[in-house]
Amino acid sequence: MVNRSILIPMRITINGKVAELVTARKTYKCDECGYPIVPHSDYYQITLGGAGLGSIKFPDRVHVHCIEKYMETGGK
Ligand SMILES: [Zn+2]
């Protein structure tokens, strides 16, 4: 169990999108900066809130430190 900082919210809602803090099981590419998200690190997985399975199948993934920029640009 990782002791997460209380400054990092577990769940953020962005314009109908839902970003949830999860732990990477393998390497992913960050949708904001394009650099890898390494396994066992925490990242935000972004899905469309209330949408069907399609949005969950292809979520956006961004680093914790990239979520602010991602929110500014509104994602893709
Ligand atoms: Zn990033």
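These notes go through the fold of the chain, its sheet and its strand pairings.

1. **Status of the model.** This is a predicted model. Please read every point below with that in mind.

2. **Elements.** The chain holds two helices and six strands. Starting at the N terminus, the order is β-β-β-β-β-α-β-α. Five strands therefore come before the opening helix, going by how elements are numbered from the N terminus. A strand then sits between the two helices.

3. **Burial and contacts.** The chain has 76 residues, and 13% of them are buried. Buried here requires 20 or more other C-beta atoms within 10 Å of the residue's own. Consider next the contacts with a separation of 6 or more. Of these, 46% join residues 24 or more positions apart.

4. **The sheet.** Four strands form an open sheet, in the order β1-β2-β5-β6. The pairing is antiparallel. Strands β1 (11-14) and β6 (60-63) are the edges, and each pairs on one side only. On average, neighbouring strands of this sheet are turned by 30° against each other, direction ignored. As background, strands of a sheet pair through backbone hydrogen bonds, either parallel or antiparallel.

5. **β1 against β2.** Strand β2 covers residues 17-23 and runs antiparallel to β1. Four bridges join the two. Thr13 stands opposite Val18 of β2. Ile14 stands opposite Lys17, also in β2. Arg11 has Glu20 of β2 as its bridge partner.

6. **The hairpin turn.** Which residue takes a positive phi in the hairpin of β1 and β2? It is Asn15, with a value near 45°. Two residues lie between the strands of this hairpin. When you inspect the backbone, look at Asn15 together with the pair Ile14 and Lys17, which stand opposite each other.

7. **β2 against β5.** How many bridges join β2 to β5? There are seven, and the two strands run antiparallel. Strand β5 spans residues 42-48. Here Glu20 has Gln45 of β5 as its bridge partner.

8. **Glu20 as a reference point.** Glu20 is a handy place to start reading the sheet. Towards β1, Glu20 is the bridge partner of Arg11. Towards β5, Glu20 is bridged with Gln45. These pairings fit the sheet order, in which β2 comes between β1 and β5.

Terms used
Residues are numbered from 1 along each chain as its sequence is written. This is a predicted model: local features need pLDDT of at least 70, side-chain atom pairs count only at pLDDT 80 or more; totals for chains, interfaces and linings use all residues. A residue is buried if 20 or more other C-beta atoms lie within 10 Å of its own, exposed if 12 or fewer, and partly exposed in between; C-beta atoms are placed from the backbone. Two residues are in contact if their C-beta atoms, placed from the backbone, lie within 7 Å. Two strands pair if DSSP finds at least two bridges between them. Axes are lines fitted to C-alpha atoms, for helices over the stretch in contact, and angles run from 0 to 180 degrees between N-to-C directions.
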